[in-house]
Amino acid sequence: MNESANEPVRIVAFGGGHGLGASLSALVDIDGLDLTAVVTVGDDGGSSGRLRAVLGTLPPGDLRQALAALAAPVTDAGAVASLFQYRFQPGTDAEPARPLAGHAVGNLVLCGLFEKLGDPVAALDHAAAMVQARGRVLPMSPIPITIEADFRPYSRPSHQPSGPVRTIVGQHAVAVAEGRLEAVRLTPIDPPACTEAIQAVEHADWLIFGPGSWYTSVIPHLLVPDLAKAIMASRAKRLVILNLAEEKETKGLSLSDHLNALTRYLPGLRADVVLADQKAVGDPDPVRRAAEELGASLLLAPIARADGTPRHDPVALTATLAPIVGRTIA
């Protein structure tokens with residue numbers, strides 16, 4: 001761990017998609033940080049799913065999102081990052097089907113780099129240089145994984161879970177499934193961890209979990225055996241950022257349940273700080289007790305957008321995170 005105020009604070013943020021993008025967008029505006037994003041690789045929907053099915057590659061979408069969040073906002077690199085995010089349009093009904101419709105340019109670039117360089121980490125480092133990323137993006141595993149979950153349907157009109165459990169396969173299907181999620185797992189059950197991700201965890205000062213889709217973006221990192229071992233062995237402090245709104249995969253799951261799920265899938269996991277929006281949390285006492293069971297203190301702050309949408313405000317999140325990690329805003 002970093003012991004000097006003159007050394008950068010090494011932070012590893014785990015997640016995927018928009019949730020990880022929110023935390024990274026806030027962290028890049030804090031001085032003196034050495035950032036590493038460790039990204040889940042289970043996406044099988046949309047452009048990522050199509051490319052994964054055709055090429056057998058890592059799904060590039062969440063990796064691209066992390067690169068875009070870390071990209072330099074000005075200069076030519078910002079234009080490259082904007083291009084990475086551009087999606088080919090479907091065209092008109094009068095036109096023949098357009099095979100590239102829906103694909104993000106950055107997804108195609110990453111898949112080209114994966115194939116050309118033969119190493120996902122080298123490919124991501126190359127793409128990071130293209131957008132002048134202010135941090136490193138790594139996959140949690142060098143191979144694509146499949147997420148599957150057991151759901152128990154809700155009965156009507158009581159809307160209580162009942163009936164036989166059914167297994168849903170695939171990240172996208174799990175994310176939109178109806179019912180109460182009973183258990184989640186990965187296929188293969190013991191995927192290899194990215195070596196560079198383990199090294200980043202071993203040298204980290206802070207490990208950050210969330211926000212994001214809890215069962216498909218956050219918890220999968222805890223199910224990769226060697227990565228889980230590194231997290232447990234790390235001397236880094238741990239921060240959990242809670243979500244602002246319920247998603248289909250977490251329907252009926254309270255914020256306290258979110259915290260309890262972490263130790264269900266990685267028994268013995270401890271944290272130092274749990275951060276939640278003061279309005280989204282409702283009654284703070286159950287969340288505070290759940291945080292204390294993790295060994296953490298609960299910090300409530302106004303970190304949601306003022307327009308009422310369930311999204312984190314990057315400026316407010318930056319202002320809240322900077323003192324937590326002991327640094328100032330750039």
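# A walk through salt bridges, a helix and a pocket

Let's start at arginine 180, which is partly exposed, with a relative accessible area of 37%. The model you are looking at is predicted, so please read every value below as computed from that model. The side chain of arginine 180 meets that of glutamate 182 in a salt bridge, with N and O 3.0 Å apart. Glutamate 182 is partly exposed as well, at a relative accessible area of 21%; that puts glutamate 182 in the middle class because buried means under 20%. Salt bridges with shared partners also tie Glu148, Asp150 and Arg185 together in one network.

That network takes us to aspartate 150, a residue of strand β4. Is aspartate 150 buried or exposed? Its relative accessible area is 15%, so aspartate 150 counts as buried. Aspartate 150 forms a salt bridge with arginine 185, and the closest N and O atoms lie 2.8 Å apart. This pair connects distant parts of the chain: aspartate 150 belongs to strand β4 (residues 146-152) and arginine 185 to strand β6 (residues 180-187), 35 residues apart. Arginine 185, for its part, is partly exposed, with 27% relative accessibility. The two side chains also make a polar contact, at 2.8 Å.

Which residues surround aspartate 150, once its neighbours within four places in sequence are left aside? It is in contact with Val165, Arg166 and Thr167, and also with Arg180, Leu181, Glu182, Ala183 and Arg185. Arg180 and Glu182, where we began, are thus both among the contacts of aspartate 150.

Stepping back, how many salt bridges does the model hold? The count comes to 7. One of them joins the side chains of aspartate 125 and arginine 136, with an N to O distance of 2.8 Å. Here too the partners come from distant parts of the chain, with aspartate 125 in helix α6 (residues 120-130) and arginine 136 in strand β3 (residues 136-139), 11 residues apart. Aspartate 125 counts as partly exposed at 29% relative accessibility, and arginine 136 is partly exposed too, at 31%.

Now let's turn to helix α1. This helix is mostly covered, since 9 of its 11 residues are buried. The buried residues are Gly17, Gly19, Leu20, Gly21, Ala22, Ser23, Leu24, Ala26 and Leu27. What do they pack against? Their partners are the strands β1 (9-15), β2 (33-39), β7 (206-209) and β8 (237-241), together with the helices α3 and α13.

Helix α1 leads us on to the largest pocket. Rolling a probe the size of a water molecule over the atoms shows where empty space is left. The largest pocket holds about 1200 Å³ of space. Its lining has 48 residues, and the closest to the pocket centre are Gly16, Gly17, His18, Gly19 and Gln65. Gly17 and Gly19 are thus among the residues closest to that centre, and both are also among the buried residues of α1.

Which helices supply at least two residues each to this lining? They include α1 (17-27), α2 (46-55) and α3 (61-70), and further along the chain α7 (171-176), α9 (214-218) and α13 (314-324). By residue type, the lining divides into 22 polar, 13 nonpolar and 13 charged residues. Helices α3 and α13 therefore appear twice on our walk: they help to line the pocket, and the buried residues of α1 pack against them.

How values were computed. Residues numbered from 1 in each chain as written. Predicted model: local features only at pLDDT ≥ 70, side-chain atom pairs only at ≥ 80, totals over all residues. Heavy atoms only, no water. 1 Å grid on protein atoms, 1.4 Å probe; cavity = no way out; pocket = protein on both sides within 12 Å on 5 of 7 lines; lining within 4 Å. Points joined across faces, edges and corners; volume = space filled by probe spheres on them. Helix = DSSP H or I, 4+ residues; strand = E, 2+ residues; numbered from the N terminus. Nonpolar A, V, L, I, M, F, W, Y, C, P; charged D, E, K, R; others polar. Salt bridge = Lys/Arg side-chain N within 4 Å of Asp/Glu carboxyl O. Buried < 20%, exposed > 50% of the residue type's maximum accessible area, 1.4 Å probe, protein only. Polar contact = N/O pair within 3.5 Å; in protein donor to acceptor, adjacent residues only side chain to side chain. Contact = heavy atoms within 4.5 Å.
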